[in-house]
Every structure is written in structure tokens, then in C-alpha cells.
Amino acid sequence: FSLVRKVVSRAGLGWNDPSPFESGRTVAESFLTPTRMYVKPCLAAIKVGGVKALAHITGGGLVENLPRVLPKGMGADIDAAAWAGLPVFAWLKQAGNIATAEMFRAFNAGIGMVVVCSANDAETVQKALHDAGETVQRIGHLVERSSGEPVKIDNGDSLWRG
């Protein structure tokens, strides 16, 4: 949240000012929305079988949180064009002049939870999550990767146009 405070300050905004990316709310209301809880939907997905790992995407973003649940020698290829960007991230990137790589390191980019499952189980797991009230996007796939960055994100800049 320190990066958010820095961007808000540099933009000359106060916490009680109108949000520049969410009408009808203050800056504070926009940024202090409570974290979503994924316990019930994830338990529903686990119950149907096929879930191999779960990664809650918090500070550290996709690039730091997802590798924690991957086996050694595996990486993830993510396509950011698979989901719609949120106005808050477009604003933060522009107002803070933040590089795309840093956006993915510092923020969840609109992906709060990653469920890792085999391609054969994807439809069943997706249905269980959907039936539990979640919006689900298939954002990528696992690949063998023994060197380099474990998470590769394509089309990242598509999320910040808003």
C-alpha cells in the first residue's frame, strides 16, 4: 500500500477527494475496499477434485505469489488479454508512471486467486467455482521452465488502458 500512498500523494489527491477512477466514491473508499474471501468457492472446487494448487494473489502480484505453489522446474505462461483490466490499475500506472513489470510485482492486476489444475479438470473446476459465485477466467497454462523468470506474462499493457 505504500506505493498507492505515494501515487495518491504525487497526484495531489487527499483521501477524501473524489476518486479519479470510480465515480461516487472517495479515494479512501476506492482503495480501502476489503479483500475478497475465496474460502467457500475454493472449497467447492477442491470438493469436485482436480485442484492441484491455489495461489492467493496479494502484494507481490502474480510474479511472486504464483511461483510459490509451482513444483520445481515448472513455470506459468499467463496471457493478460484473458481478463479485463480494472480502472484503478490503469490510473495507478498512469498517475504513478509505473512500469508494467512493477505493476505485476506490486499488484494483483485484478486476479485475486489462481487455481492450478490439469487441463482435463479445468471445465469441472471452473463450473464448481462459477456455481459458487465466482467469475472465472482461464489466464494461462503451466510449462516446464528450469531457468529464468518462473512467470511470463504476455499482453500486460492491455490491462492498463482504461
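Select Ala 76 and Val 151 first: in this predicted model, Ala 76 stands opposite Val 151 of strand β5. Extend the selection to residues 151-154 to display the whole of β5, which runs parallel to β2 and is joined to β2 by 4 bridges.

Next, select Gly 75, and then Val 143. Gly 75 stands opposite Val 143, a residue of β4. Colour residues 74-79 as β2 and residues 140-144 as β4; these two strands pair in the antiparallel sense, over 5 bridges. Strand β2 therefore has an antiparallel pairing with β4 and a parallel one with β5, if strands are taken to pair where DSSP finds at least two bridges between them. While the strands are on display, a general point may help in reading them: side chains in a regular strand alternate between the two faces of the sheet.

**Strand β1**

Move to residues 51-56, which form strand β1, and pick Ala 53 within them. Is Ala 53 buried or exposed? Its relative accessibility is 12%, so Ala 53 counts as buried, the cut-off being under 20%. Show its surroundings by selecting Val 69, Val 114, Val 115 and Val 116, which Ala 53 touches when residues up to four places away in sequence are not counted. A distance label from Ala 53 to Leu 66 should read 9.4 Å between C-alpha atoms; the two residues are 13 apart along the chain.

**Helix α5 and what surrounds it**

Now select residues 87-96, helix α5, and show the side chains of its buried residues: Val 88, Phe 89, Ala 90, Trp 91, Leu 92 and Lys 93. Which helices do these buried residues pack against? Add residues 2-10 (α1), 27-31 (α2) and 100-106 (α6) to the view, as the buried residues of α5 pack against these three elements. Then step to Asn 97, which follows α5 and has a positive phi, near 50°.

**Helix α2**

Stay with α2 and select Ser 30, which is found in this helix. Ser 30 has a relative accessible area of 11% and is therefore buried. Beyond residues up to four places away in sequence, Ser 30 touches Ser 19, Phe 21, Glu 22 and Arg 25.

**Helix α7**

Select residues 122-131 to show helix α7, and centre on Gln 126 within it. With a relative accessibility of 26%, Gln 126 counts as partly exposed. Add Val 136 and Arg 138, both touched by Gln 126 when residues up to four places away in sequence are left aside. A label drawn from Gln 126 to Arg 105 gives a C-alpha separation of 26 Å, for residues 21 apart in sequence.

**The whole chain**

Finally, clear the selections and show the entire chain. Its secondary structure comprises 7 helices and 5 strands, in the order α-α-α-β-α-β-α-α-β-α-β-β from the N terminus. The C-alpha trace spans about 50 × 35 × 25 Å along its principal axes. The radius of gyration is 17 Å, which agrees with the value near 15 Å for a compact globule of 162 residues. Of these residues, 36% count as buried.

Display contacts between residues at least 6 apart in sequence: 70% of them join residues at least 24 apart. With a surface representation, the accessible area comes to about 9,500 Å², and 51% of it belongs to carbon and sulfur atoms. Colouring by charge picks out 17 positive and 15 negative charges, whose mean positions are 4 Å apart.

Key:
Residues are numbered from 1 along each chain as its sequence is written. This is a predicted model: local features need pLDDT of at least 70, side-chain atom pairs count only at pLDDT 80 or more; totals for chains, interfaces and linings use all residues. Side-chain values use heavy atoms; hydrogens and water are left out. The radius of gyration is taken over C-alpha atoms; the globule rule is 2.2 Å times the number of residues to the power 0.38. Buried means under 20% relative accessible area, exposed over 50%, partly exposed in between (1.4 Å probe, protein chains only). Contact means heavy atoms within 4.5 Å. Accessible areas come from the Shrake-Rupley method with a 1.4 Å probe; for residues, only the protein chains shown count as cover. Lys and Arg count as positive and Asp and Glu as negative; His and the chain ends are not counted. The place of a charge is taken as NZ of Lys, CZ of Arg, CG of Asp or CD of Glu.
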